[in-house]
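Here are my notes on the model you asked me to look over. I've kept them as numbered points so you can check each against the coordinates.

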Amino acid sequence: MTIQIDHLHKSYGSGAEAHEVLHDINLTIDSGEVFGILGSSGAGKSTLVRCINLLERPTSGKVLIDGRDITGAKGKELADVRAGIGMIFQNFSLFQQRTVLRNVTFPLELNHTPKAKREERARYLLDLVGLADLADRYPSQLSGGQQQRVAIARALANNPSIMLCDEATSALDSTTTAQILDLLRRINRELNVTLVVITHSLSVARNICDRVAMIDGGRIVEMGDTEELFANPQSDILKTLIADAKVENHRHKHDSASSDNPTDAPAKEEVK
Ligand SMILES: Nc1ncnc2c1ncn2[C@@H]1O[C@H](COP(=O)(O)OP(=O)(O)O)[C@@H](O)[C@H]1O
Ligand SMILES: [Mg+2]
């Protein structure tokens with residue numbers, strides 16, 4: 001589905017305490033696209049993405065999904081909007097007291113799907129994310145990558161057409177990150193889910209996004225096709241980040257011969 005954000009502002013607090021964290025955001029994310037929102041810590045990425053599923057209400061401006069203004073949605077309309085949008089997080093946010101299977105059935109319990117049906121759906125999704133054998137485990141018995149796969153399966157339970165991924169690979173090592181990004185790509189292509197990928201990592205944006213918006217201090221400073229943006233950055237912040245990443249990559253190549261665990265090395269090209 002198409003997501004349109006129109007003159008969106010968001011402030012926290014009110015009166016003298018009011019603090020605007022998003023300033024006049026305008027963007028259109030096309031149906032079926034993998035769209036990146038790239039920026040450093042505190043730039044406003046999470047706030048922006050939380051305005052898409054109305055976990056936060058914009059202070060002014062609009063959010064339209066397939067042309068329908070959802071900004072004021074309440075009650076059943078709000079529940080329907082949220083059911084159509086899956087979300088995953090950096091810390092996975094699984095229910096620790098529930099098995100893998102019952103984490104995935106949870107959204108289907110909320111909308112009163114019959115038990116047999118929700119278990120069938122959960123098993124199908126666990127198979128899709130490669131965890132069919134782990135249905136009866138608890139989250140603490142899984143690796144980080146496996147936990148994020150459970151979270152992805154849970155996010156897909158209601159067959160959403162949009163998935164919001166807020167720093168979904170930031171807690172994972174580089175090998176696991178690559179595997180999760182492959183899975184997200186497959187979900188985008190095979191299930192035709194529009195992905196909004198929030199990240200502070202240049203390499204994640206480059207790996208998976210069709211287009212990227214660079215956000216700094218609550219403003220979009222540039223936006224475009226990923227390859228073109230990285231080949232020809234216009235904003236000072238993106239120019240600096242790319243230059244830093246080149247230096248670090250160069251250094252990393254020289255270091256890696258002596259590194260005892262290169263795959264677990266933290267990504268070096270991250271926004272500081
Ligand atoms: N619930 C909140 N109340 C007040 N300020 C907040 C709240 N959430 C975020 N902020 C502030 O908004 C700004 C943007 O935060 P956030 O959207 O989390 O950025 P990012 O995800 O890019 O790191 C930060 O200055 C943060 O402190
Ligand atoms: Mg954030």
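What follows goes through the sheets, the cores, a few loop residues and the aromatic rings of this predicted model.

1. Let's start with the six-stranded sheet. It is open, its pairing is mixed, and the strand order reads β6-β7-β8-β3-β9-β10. β6 and β10 (219-225) are the edges, each with a pairing partner on one side only. Ignoring direction, the average turn between neighbouring strands here is 15 degrees.

2. Is β6 enclosed or open to the outside? An edge strand might make you wonder, but four of its five residues are buried, so β6 is largely enclosed by the rest of the structure. On its paired side, β6 runs parallel to β7 (residues 162-166), and five bridges join the two. For landmarks, Gly86 has Met163 as its bridge partner in β7, and Met87 stands opposite Leu164. There is a helix to look at here as well: α5 (residues 144-155) lies across β6 and β7, at about 165 degrees to β6.

3. Next, the nonpolar cores. The largest one has 50 residues, and the residues with the most contacts inside it are Ile88, Leu126, Ile152, Met163, Leu184 and Ile208. A second core of 30 residues lies apart from it, with Ile5, Met87, Ile162 and Ile198 among its members. It's worth colouring the two separately and looking at β6 and β7. Ile88 and Met163 are among the best-connected residues of the 50-residue core, whereas Met87 and Ile162 belong to the 30-residue one. As a general reminder, side chains in a regular strand alternate between the two faces of the sheet.

4. Met163 deserves a closer look. Beyond its neighbours within four places in sequence, Met163 is in contact with Gly86, Ile88, Ile152, Ala155, Leu156, Leu184, Val193, Thr194, Leu195 and Val196. That list includes Gly86, its bridge partner from point 2. Ile88, Ile152 and Leu184 are on it too, and those three share with Met163 a place among the residues with the most contacts in the largest core.

5. Now the other sheet. It is open and has four strands in the order β2-β1-β4-β5, with antiparallel pairing. Its edges are β2 (19-29) and β5 (68-69), each pairing on one side only. Inside it, β1 (residues 3-12) and β4 (residues 60-65) run antiparallel and are joined by five bridges; His9 stands opposite Ser60 there. Helix α1 (residues 45-52) packs on this sheet, touching β1, β2 and β4, and its direction makes about 125 degrees with that of β1.

6. How much of α1 is covered? Most of it: six of its eight residues are buried. They are Lys45, Thr47, Leu48, Val49, Cys51 and Ile52, so do note the lysine among the buried set. Just after the helix, Leu54 has a positive phi of about 65 degrees. Asn53, in the loop between α1 and β4, has 5% relative accessibility and therefore counts as buried. Beyond its sequence neighbours within four places, Asn53 is in contact with Arg82, Ile85, Met87 and Leu164. Met87 and Leu164 are the two residues that stand opposite each other in β6 and β7.

7. Another loop residue to check is Glu33, between β2 and β3 (34-38). Is this acidic side chain's residue buried or exposed? With a relative accessibility of 8%, Glu33 counts as buried. Not counting residues up to four places away in sequence, Glu33 touches Thr28, Asn188, Thr194, Leu195, Asp210 and Arg211. Thr194 and Leu195 also turn up among the contacts of Met163.

8. Finally, the aromatics. There is one aromatic pair in the structure: Phe95 and Phe106, tilted, with 4.6 Å between the centres and 55 degrees between the planes. Phe95 comes from the loop between β6 (85-89) and α3 (100-110), Phe106 from α3 itself, 11 residues apart. Both are partly exposed, Phe95 at 31% relative accessibility and Phe106 at 23%. Look at Arg98 too: its charged end sits over the ring of Phe95, 5.9 Å from the centre.

Technical notes
Residues are numbered from 1 along each chain as its sequence is written. Chains are lettered from A and ligands numbered from 1 in the order in which they are written. This is a predicted model: local features need pLDDT of at least 70, side-chain atom pairs count only at pLDDT 80 or more; totals for chains, interfaces and linings use all residues. Side-chain values use heavy atoms; hydrogens and water are left out. Rings of Phe, Tyr and Trp (its six-membered ring) pair if their centres lie within 6.5 Å; planes under 30 degrees apart count as stacked, over 60 as edge-to-face and the rest as tilted. Buried means under 20% relative accessible area, exposed over 50%, partly exposed in between (1.4 Å probe, protein chains only). A charge sits over a ring if NZ of Lys or CZ of Arg is within 6 Å of the ring centre and within 35 degrees of the ring normal. Two strands pair if DSSP finds at least two bridges between them. Axes are lines fitted to C-alpha atoms, for helices over the stretch in contact, and angles run from 0 to 180 degrees between N-to-C directions. Contact means heavy atoms within 4.5 Å. A nonpolar core is a set of buried Ala, Val, Leu, Ile, Met, Phe, Trp, Tyr and Cys residues joined through side-chain atoms within 4.5 Å.
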